[in-house]
Amino acid sequence: MKHKAPKTIAMLLLASTMLFTAACGNTKSEEPSAADSDSKAPITFSFFGADTSPNWVKMQDAVGKKITEETGVTINAEYDIASGGGDDKIALMAASGDYPDIIFPKGNMGKLVDAGAMIDLTELIDKYAPNIKKMYGEEMNRLKYNKEDQAIYAIPTNGSVDQVSFDNTGGFELQHRVVKELGYPEIKTLEDYENALREYYKKHPTTEDGQPTIPLTLSADGWRSMITVTNPAVAATGAPDDGEYYINPETYEAMLHYKRPEEKEYFRWLNKMFNEGLLDKDTFIQKEDQYKAKIASGRVLGLIDQEWAYNDAEVALKNAGKNDMTYGHYPVTLSSEYKRADFQPIGSDAYGIGITTSCEDPIRAIKFLDWMASEEAQVLRNWGIEGEHYNVEDGVRVVPADVQERKNNDNVNFTKESGIGLYYVFGPHYGDGVKDSTGNYYTTNFPEQIVANYSDAEKEALEGYGIETWKELFPSEEDLAVKEWGAAYNMPVPTDGKYQVIYQKTQDIIQKRIPEAIVSTPAKFDQIYDNMLAELDKAGAVEMEQEYTQLIKNRVSLWTGKDVE
C-alpha cells in the first residue's frame, strides 16, 4: 500500500512558529506551545464524523456546555447525513486537500492516510496524553496503522476499552407475547425459531385492528442489508463478525464468508421462509422507515437485527403501552452443532478519531482528546451532570426514576437536552463493567441498571426462561478465545490498485444475487447461489482474498510479535 509519508508533530510545530495566529478552524488564538495548550482559552476545532448524529445541537446541551467550560473547546461539527459512512465526503476531502481539524472517518482512514492528510500521533500521545497512554497500556501496538507504516493516525473511539457485556441486544428477536403464549419454548435453532413463528402466526393471522400479522421481516435498505440479511448467516453458523470475510483461526486464511457451505444452508432457510409466507414479501423492496413503521405497529412477530437499529420503533410500542409486542433476544443457530460467537473478545480495536494536517494547534487538540479520556470526562459523557442527571447516594451514583423514565421513553428529546451519549467519538472510553476510582461503573450499563430498565413484559419473559438478562442465553466470552486480529472490518485495506475495484464488483454481485436466491423458487435456489460463487471468483475474489489474508497475517505479526508466514 502506497501513501505519502506522515507529517510528524515536530514538522507541524516548526511550521506553526511561522504563523502569527494558530487557532484551529476559524477561531484566532495565541501561537501554540506546550504551556499554552493547558489554557482554557476559547478555541474552536472543526470536525467531521462519518456516522450520523441526528441529536447533535452544536454543544448547546448540558454535557456540551460543561465540556466547553472545562476545556475552552468548542466543536464545530459536521456529520454524515446519509448513513453512508462518509464515503463521498471523505473522497472529496482527499481529492481537494480541504480537511477539518479533527476527523472520525470510520472505514475511510486509508483514503486520508494515502492523501497525506493525517498527523502521526505517536509523539503527541507520548508527550501530552497520559490518560490515553494509561488506557491502552500494553496494547498501544494495536493503535499502529499497519506493519509497514507503524504511525498512529487514530485513537480508537468507536469501541470501548476492557468492555464487559452484561446483556445481549442482538441475535434473533421474538415478541414477548409470542413466547408467553407458546409456554416459553426453547429457541436455539432455526427450526425452533421457525416453529414458534409458524405456530403463533397460524393462531393470529391478523392483529386486533385487522392488519395482517407479519411473522418475520428484515431491512435490506442499503448497508442495513449486512446487519439483518447477510451478517446473521455468519453468526448463526458459529463464526465471529469479521465483516465480509471469514478468517480461519488456525491459518489466518481469509475468504468471503458466503463461500462457507453452512452459510448457503442459512440462506436456503430464508428461501424456505419466503416461499412459505413467513418472511415478509416486502423485505427487499421496503425502505428503512417502512421497516420501522411495521415494527412500531406491533404486527411484526420476529426480527433478526440489532436493538440499536430498531430502538426508536420499540420505544413507540412502549409509549403506546404495548410492551408485550417488544422483543427478546435468542441465540439461534443453523443447528445444535453450532455455538454463537457474539461475545468473542477482540481486544482494543475500533475505528478512531485523528488530527489532520489542517489543524494549526495539534497539541491543544490532543490534550482535548486526552481530557475526554479522563475519569472526569468519561463520567460526564456517560452519566451527565451530578444533581441534574444523577445523584450520589452513600457513595454510589444513582439515576433518579424520573430521569430514567425520560431516557427510556423520551430518549430523543432527553439526549438533545442532556448530551449524554453524544460525545463518545471525541475520546477513548472504558466499557461496561469497568469501575472508576470511586468504585462506581464508568457507564450506566451495569447489571442492576439493566434489570431496572426492563419492562414488566420483558421481566416476565426472562423469568419464563429462568434468567435475569438475555446474555445468559448466549455463550459467554469466557468460553471464547480472544481474536488475535481483533475485528477484521476495522483493518485498513488498500485504497489503490485492484483491491477496491474487485471488492466493489463482489459487493455488487452479493447485493444482487443473495436477494435473488432468497426470493426464488426452492428449485432454483442452488443454481442461483452456485452461480453467484462462480461470479465472485470470476470477478477476482480469490486474488482479493489472498491480499486480505496477507493483511491479516501482517496485523497478527504486528500485534502479537508472532512470525506469521
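1. Leaving aside its neighbours within four places in sequence, with which residues is Ser53 in contact? In this predicted model, Ser53 is found in the loop that runs between strand β1 and helix α2 (62-71), and beyond its sequence neighbours within four places Ser53 makes contact with Tyr79 and Leu422. Its relative accessibility is 16%, and because buried means under 20%, Ser53 counts as buried.

2. Gly49 has its place in strand β1, and with a relative accessibility of 1% Gly49 counts as buried. When residues up to four places away in sequence are not counted, Gly49 touches Glu78, Tyr79, Asp80 and Phe104. Tyr79 thus appears both among the residues touched by Gly49 and among the contacts of Ser53. As for Asn141, which is 92 residues from Gly49 along the chain, the C-alpha atoms of these two residues are separated by 25 Å.

3. On the sheet, I would describe an open arrangement of five strands in the order β2-β1-β3-β11-β4, with mixed pairing. Strands β2 (73-79) and β4 (155-156) stand at the edges, and because each has a single partner strand, one side of each is left without a neighbour in the sheet. Strand β1, which spans residues 43-49, pairs with β2 in the parallel sense over seven bridges; within this pairing, Phe47 has Ala77 of β2 as its bridge partner.

4. Two helices should be mentioned together with this sheet. Helix α3, formed by residues 87-96, lies across β1, β2 and β3 (102-104), and runs at about 120 degrees to β1. Helix α13, formed by residues 362-372, also packs on the sheet, where it touches β1, β2, β3, β4 and β11 (352-355), and the direction of α13 makes about 160 degrees with that of β11.

5. A separate point concerns the packing of one helix on another, for which the angle between the axes and the distance between the axes are the descriptors. Helix α9 (residues 224-235) and helix α10 (residues 261-275) pack with their axes 9 Å apart and at an angle of about 130 degrees, and they are therefore oblique to each other. The crossing in which α9 passes α10 is right-handed.

6. The contact between these helices can be given by residue: on the α9 side Val229, Thr230, Pro232, Ala233 and Val234 take part, and they meet Glu263, Tyr266, Phe267 and Leu270 of α10. By class, the residues of the contact of α9 with α10 divide into seven nonpolar, one polar and one charged.

Technical notes: Residues numbered from 1 in each chain as written. Predicted model: local features only at pLDDT ≥ 70, side-chain atom pairs only at ≥ 80, totals over all residues. Heavy atoms only, no water. Pairing = 2+ DSSP bridges. Helix = DSSP H or I, 4+ residues; strand = E, 2+ residues; numbered from the N terminus. Contact = heavy atoms within 4.5 Å. Axes fitted to C-alpha atoms, helices over the stretch in contact; angles between N-to-C directions. Parallel < 35°, antiparallel > 145°, perpendicular 65-115°, else oblique. Left-handed = near helix turned anticlockwise from the far one by under 90°. Nonpolar A, V, L, I, M, F, W, Y, C, P; charged D, E, K, R; others polar. Buried < 20%, exposed > 50% of the residue type's maximum accessible area, 1.4 Å probe, protein only.
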